[in-house]
Amino acid sequence: MGHPKDKYALVADIGGTNTRVALADGRSIVDGTIRRYRNSDFPGLEAVLRRYIADEDSVDPVAACVAVAGPVRDGRATMTNLDWAIDKGTLIRATRAETVAILNDLQAQGHALGHIAPENIRTILDGPEGQPNAAKLVVGIGTGFNAAPVYDLEQGRIVTPSESGHANLPIRTERELRLCQFVSTAHGFPAVEDVLSGRGLERVYAFLGHEADDPRERAAHDIMEACADGSDARADDAAQLFTRILGTVCGNLSLIQLPFGGVYLVGGVARAFAPHLARFGFGEAFRDKGRFAGFMGNFAVHVIEDDYAALTGSAAHLHGLMGG
């Protein structure tokens with residue numbers, strides 16, 4: 001049975017490897033409509049969206065929004081790991097929707113806050129409950145790293161874009177300095193996401209092997225499995241170093257943005273680390289700000305464990321654009 005004409009919005013989350021597409025009714029994803037497509041099977045986004053529309057009985061969406069893993073400027077997205085042209089004209093051609101929008105994927109995560117089921121939010125650090133319009137901070141840790149503040153204003157929600165993962169990595173200890181030098185030797189510049197990402201965890205592990213004069217390589221998911229089963233002391237050491245740097249960076253960003261409404265970690269690496277953040281010292285590093293250590297207790301930290309939050313955020317953004 002086909003879908004009603006001009007009732008649902010089409011939303012998509014475009015990653016480097018896969019694109020997930022769904023239909024939304026207001027801010028809610030319609031059950032049973034999420035589909036995943038491998039990007040390598042298609043020449044571009046238009047082909048993906050046309051396939052989805054055909055797979056969903058030639059649905060005629062009233063609006064469309066895509067979340068893109070890369071910067072968005074003047075209505076055009078540049079993907080970090082995919083050579084696709086993504087602009088509003090592409091969305092209009094593919095969907096014939098009356099209203100279209102393009103978001104950075106982290107912006108979409110920010111728009112999802114407040115619309116995620118409580119059971120999909122894990123609290124890492126408690127803090128006082130903020131006012132409903134208090135600023136929030138969403139921090140993405142996955143293939144790369146990024147952060148964006150979330151502001152709820154009278155005119156609606158604003159999630160400002162950034163490229164925080166390309167800022168310099170902070171240095172607190174001699175070992176962290178050596179890690180920065182190790183990363184610089186391999187990649188020319190010690191950026192935050194060179195350490196705080198999936199491939200970054202692999203570099204931390206390689207760095208520890210270099211330090212011990214016992215070089216070994218492990219994939220990020222193998223390192224996390226070893227942390228869970230205790231089979232590799234170096235994996236624990238790498239995860240702890242990663243966690244403490246993550247705490248430092250998130251603490252720095254919190255002092256810059258003052259997110260009294262909470263800090264929300266998102267992304268596959270954040271979800272993988274969630275069970276281990278406490279024992280590896282995230283809280284201590286987050287609050288290690290000298291005379292401002294007590295002040296850091298104002299910021300609660302959570303992990304979003306909803307893999308489809310970017311779709312929900314895209315739906316919420318469209319709902320606001322359309323006066324909902």
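## Close-up views of the predicted model

**View 1. Ala 24 faces Ile 29: Ala 24 of β2 stands opposite Ile 29 in β3.** The model shown here and in the other views is predicted. Strand β3 covers residues 28-29, and its antiparallel pairing with β2 has 2 bridges. The two strands make a hairpin, with 2 residues between them. Gly 26 sits in that turn and has a positive phi of about 65°.

**View 2. Strand β2 also pairs with β1 and with β4.** Strand β2 spans residues 18-25 and is mostly covered, with 6 of its 8 residues buried. Toward β1, the pairing is antiparallel and has 6 bridges. Asp 13 and Arg 20 of β2 stand opposite each other. A connection of 3 residues makes β1 and β2 a hairpin. Toward β4, the pairing is again antiparallel, here over 4 bridges. In that pairing, Thr 19 stands opposite Tyr 37 of β4.

**View 3. Asn 39 is a buried loop residue.** Where does Asn 39 lie? Asn 39 is found in the loop that links β4 (35-38) to α1 (45-55). Is Asn 39 buried or exposed? Its relative accessible area is 2%. The cut-off for buried is under 20%, so Asn 39 counts as buried. What does Asn 39 contact, leaving aside neighbours within four places in sequence? One run of partners is Gly 15, Gly 16, Thr 17, Asn 18 and Thr 19. Leu 82 and Trp 84 are also in contact with Asn 39. Thr 19 has another role in this region: Thr 19 is the residue opposite Tyr 37 in the β2 to β4 pairing.

**View 4. Strand β5 is buried along its length: 6 of its 6 residues (63-68) count as buried.** In a regular strand, side chains alternate between the two faces of the sheet. In β5, Ala 63, Cys 65 and Ala 67 point one way. Ala 64, Val 66 and Val 68 point the other way. Both sets are buried.

**View 5. Strand β5 has parallel pairings with β1 and β9.** Strand β1 (residues 9-14) runs parallel to β5, and 6 bridges join the two. In this pairing, Leu 10 stands opposite Ala 64. Strand β9 (residues 99-104) also runs parallel to β5, joined by 6 bridges. Here Val 68 stands opposite Asn 104 of β9.

**View 6. A mixed, open sheet holds 6 strands.** What is the strand order? Read across the sheet, it is β10-β15-β14-β11-β12-β13. Strands β10 (121-125) and β13 (156-159) each have a single partner strand, so one side of each has no neighbour in the sheet. From one strand to the next, the twist averages 25°. At the β10 edge, 4 bridges pair β10 with β15 (residues 301-304) in the antiparallel sense. Ile 121 stands opposite Ile 304 of β15.

**View 7. Helix α3 lies across four strands: β11, β12, β13 and β14.** The helix covers residues 105-112. Its angle to β13 is about 145°. The strands it crosses are β11 (136-141), β12 (145-153), β13 and β14 (263-266).

**View 8. The largest nonpolar core has 48 residues.** Which residues touch the most other members? They are Val 139, Ile 141, Phe 145, Leu 196, Leu 246, Leu 265 and Phe 282. Helix α7 (residues 233-257) contributes 10 residues, the largest share of this core. A second, separate core contains 28 residues, including Leu 49, Tyr 52, Leu 82 and Trp 84. Leu 82 and Trp 84 also appear among the contacts of Asn 39.

**View 9. Phe 282 touches residues from several stretches of the chain.** Residues up to four places away in sequence are not counted. The partners are Ile 124, Leu 125, Thr 243, Leu 246, Gly 247, Cys 250, Leu 277 and Val 301.

**View 10. The whole chain puts the close-ups in context.** The protein chain has 10 helices and 15 strands. Its radius of gyration is 20 Å, which agrees with the value near 20 Å for a compact globule with 324 residues. Along the principal axes, the C-alpha atoms fill a box of roughly 60 × 45 × 35 Å. Of the 324 residues, 51% count as buried. The exposed area is about 14,700 Å², and carbon and sulfur atoms supply 48% of it. Among contacts between residues at least 6 apart in sequence, 68% join residues at least 24 apart.

Technical notes: Residues are numbered from 1 along each chain as its sequence is written. This is a predicted model: local features need pLDDT of at least 70, side-chain atom pairs count only at pLDDT 80 or more; totals for chains, interfaces and linings use all residues. Side-chain values use heavy atoms; hydrogens and water are left out. A nonpolar core is a set of buried Ala, Val, Leu, Ile, Met, Phe, Trp, Tyr and Cys residues joined through side-chain atoms within 4.5 Å. Buried means under 20% relative accessible area, exposed over 50%, partly exposed in between (1.4 Å probe, protein chains only). Contact means heavy atoms within 4.5 Å. Two strands pair if DSSP finds at least two bridges between them. Axes are lines fitted to C-alpha atoms, for helices over the stretch in contact, and angles run from 0 to 180 degrees between N-to-C directions. The radius of gyration is taken over C-alpha atoms; the globule rule is 2.2 Å times the number of residues to the power 0.38. Accessible areas come from the Shrake-Rupley method with a 1.4 Å probe; for residues, only the protein chains shown count as cover.
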